[in-house]
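The following note is offered to a colleague who has the model at hand. The points are numbered so that each may be checked separately.

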Amino acid sequence: MKCQIAYVASLVAASLLALPASAHPVADDPATAQFLANEAVLVFAGETKILFDPLYTQSYNNYPLVDPAMRAALMAGEAPYDGVDAVFISHIHGDHFDAEDLNTYLATHSETVAVIPFQARLDMRAAANWDESLEARLHVMSFISGPQSLTIGADGDARALQIEAVHIPHAGGAGRAHIQNMAYRVTLRDEATVMHMGDATPDAAPYAAQHAHFQARTTHRAFPPYWLIQQWGGEVLRERINADEVTGIHVPIRLPGAVTASSEDFFTRPGEQRGVHPHED
Ligand SMILES: [Zn+2]
Ligand SMILES: [Zn+2]
């Protein structure tokens, strides 16, 4: 209950945030992103739908959980969570991922594949409800420093999802170095490119090391953890990751002053949407 009150307060505060005019989705956007909570984001382009970090159970008394009704609709595959082609997991922390829930979800949704770090596969296989038949639908990212790519067909389009991923170390320094945190760049239907970065570090060095990867393709809208915007500013961030627009996620229940005072864009309200489209200029 205490959590719910804090959550309502965050919604009220969030409504005061300015939203850049370019952020609102319009009918001819090739794709739309819709926020659930924390780092959980749905992106859809026509029939092609993906979810990032949607199934988790830990708030650590700091981050919003997915609203129970939203979570129930997601698990049941009710609109807008019907026909999800792929679930992406950034890393295994409990505010992003629950192995048992993902096993249940995949068992229930036989058309959905999962793109996951190697560490998530270990947790899924160790969970009580693991079923060997799920293995065929896991696309497992190795814990290596170099870029990894993958193309997944869906909805009659062999190139529905073009995925390029790199490991960007987890924020928090050496104590978190053992966590495989994946930054996924996903192009849907050859039209709209999004990036989800998990809990990527604000240390600049890993981004410099992956410069060629980031420059290889422009991201139309990226979803960085809010601390990257807070620490670098939007301009530097967009430059470093080669993104036209950024919408910060992982915003704590109690909105940081740096977020409320910022002119940058953040996802804070469940269900709010942003368009994903190539820059006009
Ligand atoms: Zn984490
Ligand atoms: Zn996190």
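1. In this note a donor is an N, O or S atom within 2.8 Å of the metal, and because water is not among the atoms, a site may look incomplete. The model under review is predicted. By that criterion, D199 bridges the zinc ion (ligand 2) and the zinc ion (ligand 1), and the two ions lie 3.5 Å apart.

2. The zinc ion (ligand 1) is held by H91 through NE2, H93 through ND1, H170 through NE2 and D199 through OD, at 2.1 to 2.3 Å. Along the sequence these donor residues follow the spacing H-x1-H-x76-H-x28-D. The site of this zinc ion (ligand 1) is irregular, with angles of 90 to 166° among its 4 donor atoms.

3. The zinc ion (ligand 2) has as its protein donors D95 (OD), H96 (NE2), D199 (OD) and H250 (NE2), which lie 2.1 to 2.4 Å from the ion. Their spacing along the chain reads D-H-x102-D-x50-H. The site of the zinc ion (ligand 2) is likewise classed as irregular, its 4 donor atoms making angles of 85 to 152°. Four donors count as tetrahedral if all angles lie between 85 and 135 degrees; the range for the zinc ion (ligand 2) extends to 152°.

4. Which parts of the chain are brought together at the zinc ion (ligand 2) by D95 and H250? D95 belongs to the loop between β4 (86–88) and α3 (99–108), whereas H250 belongs to the loop between β12 (243–248) and α9 (257–260); the pair is 155 residues apart. Both D95 and H250 are buried.

5. A corresponding link exists at the zinc ion (ligand 1), where D199 coordinates this ion as well as the zinc ion (ligand 2). H91 sits in the loop between β4 and α3, and D199 in the loop between β10 (192–196) and α5 (205–209), 108 residues apart. Are H91 and D199 buried or exposed? H91 is buried, with a relative accessible area of 0%. D199 counts as buried because its relative accessibility is 3%, and buried means under 20%.

6. An open sheet is formed by 7 strands in the order β6-β5-β4-β3-β2-β1-β14, with mixed pairing. At its edges stand β6 (138–141) and β14 (273–276); each has a single partner strand, so one side of each is left without a neighbour in the sheet. On average, neighbouring strands of this sheet are turned by 20° against each other, direction ignored.

7. Within that sheet, β4 runs parallel to β5 (residues 113–117), and 3 bridges join them. F88 has V115 in β5 as its bridge partner. Helix α3 lies across β3 (48–52), β4, β5 and β6, at about 155° to β5. Helix α4 (residues 118–126) also packs on the sheet, where it touches β5 and β6, and its direction makes about 115° with that of β5.

8. N103 is a residue of helix α3 and merits separate inspection. N103 counts as buried because its relative accessible area is 1%. Leaving aside residues up to four places away in sequence, N103 touches M124, A127, N129, W130 and L134.

9. Strand β8 (residues 157–167) pairs with two strands described here. With β7 (residues 148–154) it is joined in the antiparallel sense by 6 bridges, and S149 has E164 in β8 as its bridge partner. The hairpin of β7 and β8 has 2 residues between the strands, and D155 in the turn has a positive phi of about 55°. β8 also pairs with β9 (residues 182–188), again antiparallel, over 7 bridges; here Q162 stands opposite T187 in β9. Of the 11 residues of β8, 8 are buried, and the strand is thus mostly covered.

10. The largest nonpolar core contains 30 residues, and I50, Y184 and V186 have the most contacts inside it. Beyond residues up to four places away in sequence, V186 touches I50, F52, F88, L161, Q162, I163, A192, T193 and V194. A second core, separate from this one, has 29 residues, including L51, Y81, L102 and L134.

Note on methods. Residues numbered from 1 in each chain as written. Chains lettered and ligands numbered in written order. Predicted model: local features only at pLDDT ≥ 70, side-chain atom pairs only at ≥ 80, totals over all residues. Heavy atoms only, no water. Core = buried A, V, L, I, M, F, W, Y, C linked by side-chain atoms within 4.5 Å. Buried < 20%, exposed > 50% of the residue type's maximum accessible area, 1.4 Å probe, protein only. Contact = heavy atoms within 4.5 Å. Donors = N, O, S within 2.8 Å, 3.2 Å for Na, K, Ca; no water. Tetrahedral: all angles 85-135°; square planar, octahedral: opposite > 155°, others 65-115°. Helix = DSSP H or I, 4+ residues; strand = E, 2+ residues; numbered from the N terminus. Pairing = 2+ DSSP bridges. Axes fitted to C-alpha atoms, helices over the stretch in contact; angles between N-to-C directions.
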